[in-house]
Amino acid sequence: MSGPTVLTEKWPVLGRHEQAAAWLTVWTDLGRAPRTIDAYGRGLAEYLLMCERETSTRPPRTALISRSTYASWVRVRTAGERT
């Protein structure tokens with residue numbers, strides 16, 4: 001149920017990032033439980049969406065987020081909020 005293909009359908013942002021799908025495939029191949037893969041996919045999708053929002057005005061090659069942006073994402077995640 002939670003293979004990378006299903007996750008990219010559930011969270012299209014994962015399909016826009018080849019390395020994200022490859023990373024999820026590795027964990028799937030290692031035999032992680034479907035719910036674990038789903039959780040990894042959800043968290044990764046939320047992170048990538050935040051990165052896309054933060055870098056939307058920058059050229060793709062410089063699309064790196066700052067430490068403060070990442071810290072903000074972590075703070076929101078640990079507070080139980082969703083992006």
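**Close-up views of a predicted model**

**View 1. The partly exposed ring of W23 and its partner in helix 2.** At a relative accessibility of 39%, W23 counts as partly exposed, and in this predicted model the residue shares helix 2 (residues 18–29) with W27, four residues away, so that about one helical turn separates the two. W27 is likewise assigned as partly exposed, because its relative accessible area is 21%, and the cut-off below which a residue would count as buried is 20%. A search of the whole structure finds three aromatic pairs. In one of them, the ring centres of W23 and W27 lie 6.0 Å apart with the planes at 75°, and the pair is therefore edge-to-face.

**View 2. The aromatic pair between helix 2 and helix 3.** W27, which is partly exposed with a relative accessible area of 21%, also forms an aromatic pair with Y40, and this pair is edge-to-face, with 5.8 Å from centre to centre and 75° between the planes. Because W27 belongs to helix 2 and Y40 to helix 3, the pair ties together parts that are 13 residues apart in sequence. Y40 is partly exposed, its relative accessible area being 29%. Taken together, W23, W27 and Y40 form one aromatic cluster.

**View 3. The largest nonpolar core.** Ten residues make up the largest nonpolar core of the model, namely L7, W11, V13, L14, A20, L24, I37, L44, A45 and L48. Helix 2 and helix 3 are the elements that give two or more residues to this core, and the largest share, four residues, comes from helix 3. In soluble globular proteins, nonpolar side chains tend to be buried together.

**View 4. Contacts of A45 within the core.** A45 is one of the ten residues of the largest nonpolar core, and, when residues up to four places away in sequence are not counted, A45 touches W11, V13 and L14. These three contact partners, W11, V13 and L14, are also listed among the members of that core.

**View 5. C51 in helix 3 and its separation from S66.** C51 lies in helix 3, which spans residues 34–54, and counts as buried because its relative accessibility is 14%, where the assignment requires a value under 20%. Between C51 and S66 there are 9.8 Å in space, taken from C-alpha to C-alpha, while the two residues are 15 residues apart in sequence.

Methods
Residues are numbered from 1 along each chain as its sequence is written. This is a predicted model: local features need pLDDT of at least 70, side-chain atom pairs count only at pLDDT 80 or more; totals for chains, interfaces and linings use all residues. Side-chain values use heavy atoms; hydrogens and water are left out. Buried means under 20% relative accessible area, exposed over 50%, partly exposed in between (1.4 Å probe, protein chains only). Rings of Phe, Tyr and Trp (its six-membered ring) pair if their centres lie within 6.5 Å; planes under 30 degrees apart count as stacked, over 60 as edge-to-face and the rest as tilted. A nonpolar core is a set of buried Ala, Val, Leu, Ile, Met, Phe, Trp, Tyr and Cys residues joined through side-chain atoms within 4.5 Å. Contact means heavy atoms within 4.5 Å.
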